[in-house]
Structure formats: C-alpha cells, structure tokens
Amino acid sequence: AQGTPYLAPEQWQVGISGKYQHSFRHFTGANETKSRDSGNSEVKNVLYLFSFDFTYGWTDQTSISLSIPYQIAERSQNNSAQGNARRVSHGNGVGDTTITAFHWLFDVHDNIDQNVGMGLGLKIPTGDPSQQDSRIVNPPVSGNRTYATTNDQSIQPGDGGWGFVLSLYGFKQFGLFTPYAYGSYLFNPQEKNGAATGRGKPGEEIMSIPDSYLARIGSM
C-alpha cells in the first residue's frame, strides 16, 4: 500500500502475531509410537504464543527491532497411579526478548522489487526458565493432593541463557506476487541454565539451553 517494502528513517512499524500449537504425538527417532495415543498415555502440550514487535527505521538501509513474546501453555500427562486421571500444569508469562539490527545489502532506492538483507540479534533471558505450578489432577481424584513442582522445559517461558541470532531474508517481485525466503539460527553459548528437571537419569538432572533454527518460504 505504501509502494515500497522498506521503512523510512525515523519511521516505526508495530506488529502483533499469534501462534497455536497442539503437541501430542510421540516419536522414537523417526518412528511414531501410536500406542501412546490409543492407550491415553500421551503427553499433551497446548501452547498459545503471542509476539509484540516494534521496528524502527534507523537509516534507509538499517532498522532496529524489539520482539517481546508472551505465552499461555498447558501440559497434561496420564497418571496411572490415580486411575488414569491427567495431571495438568501451566506455564504462562513473558518469554525471552530479542533485539535485532537488520541491514539491506543492496541500495533500497535502486532495488524496490528485490533485495537481500542480513540480521544480527541478541536474545535476552527475560523469560522464567524454572517456573513452577501446582499440578492439578483432572478429573479430581478422591484423596488427591496438589503440589508445586517445576514445569517441564517444553512449557517454560524462557530458556535462561543469553543468545545470538543470525538471520537472512530475501525477496523478489514477479508481477502481483512477491516470493520470499527467510532463515535464522539461534545459538546459545551456555549449555545449561541450572534449573532442575526432576528427572533421575544421569545427564538429565539440569535443563539444557538448546540452539534452534528456522527456515520459511512463501509469497506475498
């Protein structure tokens, strides 16, 4: 609508995005354990993730972005000791904030319909990596007691580590369509964050801080 895909200097762009994830399938390597689903023993994660993004045009070629995520998550698992009732825990809160500087490699005035840019970001551990919740058995079981325990790492708002993000983005316009490609890699120098998992297997006592990558292609 503006006639250009670029932010002008001192111009702001604000965005809000949402993501829904329902995770319940179990795999050992590439093989799915379908008996977990049929036997009602699967672990279920339901996640709503919202991202609040603020981008400022620093120069014609460079912009600075701030991304603040917020999650609402629920995890449930079968408890055979209590009549196969499901234990439910919640992990809600602000996640890890990211500040990113993004630079277009080719002159934006001469490349309205195509360009390639690179980004370098810093991930700040603003999310809680060791959040606890009182597990509730659903449906209620006679004599059941709720107790506080550390949430599973899959629903923790943060990972507890400082990280760095490298990203690459490119687009090219073809008539009414503009295909694009995006890729990013997050690496964390720390290996563990000190939060106890509650697991007894050697090597699984403390939560790790994983690296992650993302690739996306599409068209506008």
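**Strands, aromatic pairs and buried polar residues in a predicted model**

The chain contains one helix and 15 strands. The model is predicted. Of the 220 residues, 32% count as buried. The chain exposes about 13600 Å², and carbon and sulfur atoms supply 57% of this area. Among contacts between residues at least 6 apart in sequence, 62% join residues at least 24 apart.

Strand β8 covers residues 114–124. β8 pairs with strand β7 (residues 97–104) in the antiparallel sense, over eight bridges. Within β8, Gly 119 stands opposite Phe 102. β8 also pairs with β11, again in the antiparallel sense, over ten bridges. Here Gln 114 has Lys 172 of β11 as its bridge partner.

In a regular strand the side chains alternate between the two faces of the sheet. β8 shows such an alternation. Asn 115, Gly 117, Gly 119, Gly 121 and Lys 123 point to one face and are buried. Gln 114, Val 116, Met 118, Leu 120, Leu 122 and Ile 124 point to the other face and are not buried.

Leu 122 illustrates the second group. This residue of strand β8 has a relative accessible area of 30%, so it counts as partly exposed. Beyond its neighbours within four places in sequence, Leu 122 is in contact with Thr 97, Thr 98, Ile 99, Trp 162, Gly 163 and Phe 164. The C-alpha atoms of Leu 122 and Leu 166 are 9.2 Å apart, although the two residues are 44 apart in sequence.

Lys 123, on the buried face of β8, is among the residues that Asp 159 touches. Asp 159 is found in the loop between β10 (147–150) and β11 (163–172). Its relative accessible area is 12%; the cut-off for burial is under 20%, so Asp 159 is buried. The side chain of Asp 159 reaches the backbone nitrogen of Gly 161 at 3.0 Å. Leaving out residues up to four places away in sequence, Asp 159 also touches Asp 96, Pro 129, Asn 188, Asn 193 and Ile 209.

Asn 78 is another buried polar residue, with a relative accessible area of 18%. Asn 78 lies in strand β5 (residues 62–79). Its C-alpha atom is 5.2 Å from that of Ser 41, and the two residues are 37 apart along the chain.

A search of the whole structure finds eleven aromatic pairs. One of them joins Trp 12 and Tyr 56. The ring centres are 5.0 Å apart and the planes stand at 50°, so the pair is tilted. Trp 12 lies in strand β1 (residues 12–23) and Tyr 56 in strand β4 (residues 44–57), so the pair ties together parts that are 44 residues apart in sequence. The partners differ in accessibility. Trp 12 is exposed, at 55% relative accessibility. Tyr 56 is partly exposed, at 26%.

Tyr 20 and Tyr 48 form a tilted pair as well, because their planes stand at 45°, with the ring centres 5.2 Å apart. This pair also links distant parts of the chain: Tyr 20 is in strand β1 and Tyr 48 in strand β4, 28 residues apart. Tyr 48 is partly exposed, with a relative accessible area of 38%.

One aromatic cluster is formed by Tyr 6, Phe 102, Trp 104, Tyr 169, Phe 171 and Tyr 180. The largest nonpolar core has six residues: Tyr 6, Phe 102, Trp 104, Val 108, Tyr 169 and Phe 171. β7 and β11 are the elements that give two or more residues to this core. Phe 102, one of the core residues, is the residue opposite Gly 119 in β8.

Phe 171 belongs to both the aromatic cluster and the nonpolar core. Not counting residues up to four places away in sequence, Phe 171 touches Tyr 6 and Trp 104, among others. Its contacts also include Ile 112, Asp 113, Gln 114 and Asn 115. Pro 5, Thr 178, Pro 179 and Tyr 180 complete the list.

Glu 10 is placed in the segment before β1. Glu 10 is not a glycine, yet has a positive phi of about 70°. Its relative accessible area is 63%, so Glu 10 is exposed.

Note on methods: Residues numbered from 1 in each chain as written. Predicted model: local features only at pLDDT ≥ 70, side-chain atom pairs only at ≥ 80, totals over all residues. Heavy atoms only, no water. Helix = DSSP H or I, 4+ residues; strand = E, 2+ residues; numbered from the N terminus. Buried < 20%, exposed > 50% of the residue type's maximum accessible area, 1.4 Å probe, protein only. Polar contact = N/O pair within 3.5 Å; in protein donor to acceptor, adjacent residues only side chain to side chain. Contact = heavy atoms within 4.5 Å. Pairing = 2+ DSSP bridges. Phe/Tyr/Trp six-rings, centres within 6.5 Å; stacked < 30°, edge-to-face > 60°. Core = buried A, V, L, I, M, F, W, Y, C linked by side-chain atoms within 4.5 Å. Areas by Shrake-Rupley, 256 points an atom, 1.4 Å probe, with all protein chains shown as cover.
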